[in-house]
Amino acid sequence: VPRWIWAAAVAVVAMAIVVAAVGGFAQAQTTPTVLGAGDEARTSVYAITVLDAEFAQAVESEYLEAEPGEKLLVMATRMENLSDAPIGVATTADRTKSGLVNTENPLLDLDGATAIGTVSVWRADGSAGQVILQPGVPSEVMLAWTVPDDAFPDGIVSLDVHEVEIRRGAVILSSSVVTWRADELSSRIEVTATEAP
């Protein structure tokens, strides 16, 4: 084998080592779009706009009350289902598990604080029952996280909005069951939360 082939091979290997060392082969991390109050975060199958946010000790209409050392972060949102089937915000609807909240990797998640327990969800108009979003019908939805009392000391809260990976069926589930899983971070909505009176 000619000597120049060995030299070229050594050069290629050396270059690959240098590229790997500086992270050239690592998967690119996308930077989320940063939005504010009133801006719509749109993914392939749902959209959400944070209208307002506040810290509270209780939401009497929903029988929610923070324990000592905790507070409630309550967000008023407008949500729209962009898919072709009904979805539940915190429940399964029509064989679709949306995973928006209250899953191990939710599509909507707080950045900068770890929530305690589950997210409470209800319609802004006070109507009872599970929140089901029909395709193409925007709805005002309230979300409430319980967070430590010292979370978000500057009052700025961030909601991470993830793109969706859609999976159909599974070994132990019917092939008609559709599950939405959190994919890459699409947007981050930053709003200033006020203190409830």
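**Close-up views of a predicted model**

**View 1. The aromatic pair of F55 and F152.** This predicted model holds 1 aromatic pair. The ring centres of F55 and F152 lie 6.4 Å apart, and their planes meet at 20°. That angle is under the 30 degrees cut-off, so the pair counts as stacked. The partners come from distant parts of the chain, 97 residues apart. F55 belongs to strand β3, whereas F152 sits in the loop between β12 and β13. Both F55 and F152 are buried.

**View 2. K71 over the ring of F55.** F55 also has a charged partner, K71, over its face. K71 is placed at 4.0 Å from the ring centre of F55.

**View 3. The largest nonpolar core.** This core comprises 37 residues. Y46, L73 and L108 touch the most other members. Six elements are shown here by name: β3 (46–56), β6 (70–81), β9 (108–111), β12 (139–148), β13 (156–168) and β14 (178–192) each give two or more residues to the core. Strand β3 supplies the largest share, 5 residues.

**View 4. Surroundings of L108.** Neighbours within four places in sequence are left aside here. L108 is in contact with Y46 and I48, with M79, and with L100 and V101. Its further contacts are L143, L159, D160 and V161. Y46 and L108 are both among the residues that touch the most other core members.

**View 5. A separate core.** Apart from the largest core lies another, of 9 residues. Its members include A66, L72, V74 and M142.

Definitions and conventions
Residues are numbered from 1 along each chain as its sequence is written. This is a predicted model: local features need pLDDT of at least 70, side-chain atom pairs count only at pLDDT 80 or more; totals for chains, interfaces and linings use all residues. Side-chain values use heavy atoms; hydrogens and water are left out. A nonpolar core is a set of buried Ala, Val, Leu, Ile, Met, Phe, Trp, Tyr and Cys residues joined through side-chain atoms within 4.5 Å. Buried means under 20% relative accessible area, exposed over 50%, partly exposed in between (1.4 Å probe, protein chains only). Helices (H or I, at least four residues) and strands (E, at least two) are DSSP runs, numbered from the N terminus. Contact means heavy atoms within 4.5 Å. Rings of Phe, Tyr and Trp (its six-membered ring) pair if their centres lie within 6.5 Å; planes under 30 degrees apart count as stacked, over 60 as edge-to-face and the rest as tilted. A charge sits over a ring if NZ of Lys or CZ of Arg is within 6 Å of the ring centre and within 35 degrees of the ring normal.
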